[in-house]
Amino acid sequence: MTDAAPPSQFMKAVQDGDVLVVTLDRADKRNALSAAFIEEIVDLFEWIRRSDAVHAVVVRAEGSVFCAGLDLIEHHLEERSATDFMYICRRWHAAFDAIQHCGKPVVGALNGAVVGGGLELASAFHIRVADPTTYFALPEGQRGIFTGGGATVRVARLVGEARMIDMMLTGRVYSGEEAVAVGLCQYLTQGPSLDKALEIARKAAQNPPLSNFAITSGIAHIGNMASGDAYYAEAFIAGITNTQPASKERLAAFMNKTAAKVLND
Ligand code: 1HE
C-alpha cells in the first residue's frame, strides 16, 4: 500500500528513505495527549502497519518536552464520568498497541520531560534513545490520578513493579545513566537523540520485514504466555520466520563467506 499518511493536526510524518520520521507537533501544550491526539495516533500507526514504504519509524517531538502526558486541562474541563474515562483509557490502549504492534521497529528520539502518559507512549516504542535533557517520571500520584495508558503493563515490565510503585508514590525522577541502568531507555546520547535514533532505525530497516514483525510483536506476546505455550509460539514464529526466502538468501551468503561476521568492533 503506497497511499499518503492520514492527515494529522498533532503530528507531522516525513519519509526519509525507508524510515518514517513522526514528529509530535503540539509543542505549545508540551505535546500533551488530548483525546483527538490519541485518535490520530491510532490512525497513523494503522497506516504505518499497512505501508510498504515504511520499514522503520522514529518518533521525535517538537519543542523542549517530548510529551507531558494526559491533557490534564481537557480532562479537568470535560468533567468525565468514570465510564467516559474508561473509554478514553481503552483508546489509549488501542493507540499504544497500534504502535507496539505495527510490525515495524519504532525508535523514540526523546528529549525533555517524558512523564505520565508521555512515558506510557514512549514505553510502547521498541527502542528509546534519551539525550542529556531527557527525564522520566510518573507524577500520577501527585496529580491524584492513576496511569491509564498501559503503564501498569509496559512500564512495570521495563523497570519492575517495585520501582514503578516508587515512581508513582513519590514522583521520583530518573535521568541520564540511571535511566539507562533501570531500563527506561536503552541509549543515552551526548548530543541530539535524533541522530542516534535515525542510525538505529536505518539499521533495523535493513532486516527482512517478517523478522522485524516477529521481533517487535512476538516477544511481547510470548511474555504473556505460560512457558509451555510460549515455547510453542516461539517455535511457530521461528518456523515461519527462519524459513522465509529472505533468510535463505542471508544464510547462503554466510555459507559462501560473503556475509558480515559478528565481531566486537
Ligand atoms: C499542559 C500539560 C498537560 C503542559 N496537559 N496542558 N502530566 C503532568 O503532570 C505534567 C504536567 N506538565 C508539567 O509538569 C510541565 O508543563 C512540564 C514540566 C511538562 C513542562 O514545563 P514548562 O515550564 O516547559 O511548560 P508549562 O509552562 O508548564 O506549560 C506550557 C503550556 O503547556 C501551558 O499551557 P498555556 O496555555 O498556559 O501556555 C500548560 O498548561 C500546557 N501543558 N503540560 C495540558 N499535561 C491515561 S492517564 C495518563 C496520566 C498522566 O499522563 S498523568 C501526568 C500528567
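**Exercise 1. Describe the shell of residues around the ligand in this predicted model, beginning with its make-up by class.**

Solution. Sorted by class, the shell around the ligand holds 12 nonpolar, 5 polar and 7 charged residues. Of the 24 residues in this shell, those that come nearest to the ligand are Lys29, Arg30, Ala68, Gly117 and Arg143.

The next step is to look at single polar contacts, for which the two atoms must be within 3.5 Å of each other. A polar side-chain atom of Arg143 is found 2.5 Å from an oxygen atom of the ligand, and a polar side-chain atom of Arg30 lies 2.8 Å from a ligand oxygen atom. With Asp28 the contact is made by the backbone, a polar atom of which is 3.3 Å from an oxygen atom of the ligand.

The last step concerns area and elements: the ligand taken alone exposes 1,000 Å², and the protein buries 69% of that. Two or more residues of the shell come from each of the elements α2 (72-78), α4 (117-122) and α5 (140-143).

**Exercise 2. Which residues line the largest cavity, and how do they divide by class?**

Solution. Begin with the count, which is 1 cavity of 30 Å³ or more in the structure, and then take the space in the largest cavity, which is about 30 Å³. The lining is formed by Met11, Val22, Leu24, Ile41, Phe45, Val59, Ile99, Leu121 and Phe125. Two elements, β2 (19-24) and α1 (35-50), give two or more residues to this lining. When the lining residues are sorted by class, 9 are nonpolar, while no polar and no charged residues appear.

**Exercise 3. Describe the largest pocket by its volume, its lining and the elements that supply the lining.**

Solution. The largest pocket contains about 810 Å³ of space. Its lining consists of 36 residues, and Gln100, Ser123, Arg154, Arg157 and Ala220 are the ones that lie nearest the centre of the pocket. By class, the lining of the largest pocket has 14 nonpolar, 16 polar and 6 charged residues. At least two lining residues are supplied by each of α3 (82-100), β6 (127-130), α6 (151-159), α9 (193-205) and α10 (209-223).

**Exercise 4. Is helix α12 largely buried or largely in the open?**

Solution. A residue is called buried when its relative accessible area is under 20%. Helix α12 covers residues 245-255, and of its 11 residues the number buried is 1, so the helix lies largely in the open. After α12 comes Lys257, which has a positive phi, near 65°.

Definitions and conventions. Residues are numbered from 1 along each chain as its sequence is written. This is a predicted model: local features need pLDDT of at least 70, side-chain atom pairs count only at pLDDT 80 or more; totals for chains, interfaces and linings use all residues. Side-chain values use heavy atoms; hydrogens and water are left out. A residue is near a molecule or strand if one of its heavy atoms lies within 4 Å of it. A polar contact is a pair of N or O atoms within 3.5 Å; within protein, one must be able to donate a hydrogen and the other to accept it, and residues adjacent in sequence count only if both atoms are side-chain atoms. Accessible areas come from the Shrake-Rupley method with a 1.4 Å probe; for residues, only the protein chains shown count as cover. Helices (H or I, at least four residues) and strands (E, at least two) are DSSP runs, numbered from the N terminus. Ala, Val, Leu, Ile, Met, Phe, Trp, Tyr, Cys and Pro count as nonpolar, Asp, Glu, Lys and Arg as charged, and the others, Gly among them, as polar. Buried means under 20% relative accessible area, exposed over 50%, partly exposed in between (1.4 Å probe, protein chains only). On a 1 Å grid over the protein atoms alone, a cavity is a set of points where a 1.4 Å probe fits but cannot get out, and a pocket is an open set with protein on both sides within 12 Å along at least five of seven lines; lining residues have an atom within 4 Å of a point. Grid points are joined across faces, edges and corners, and a volume is the space filled by probe spheres set on the points.
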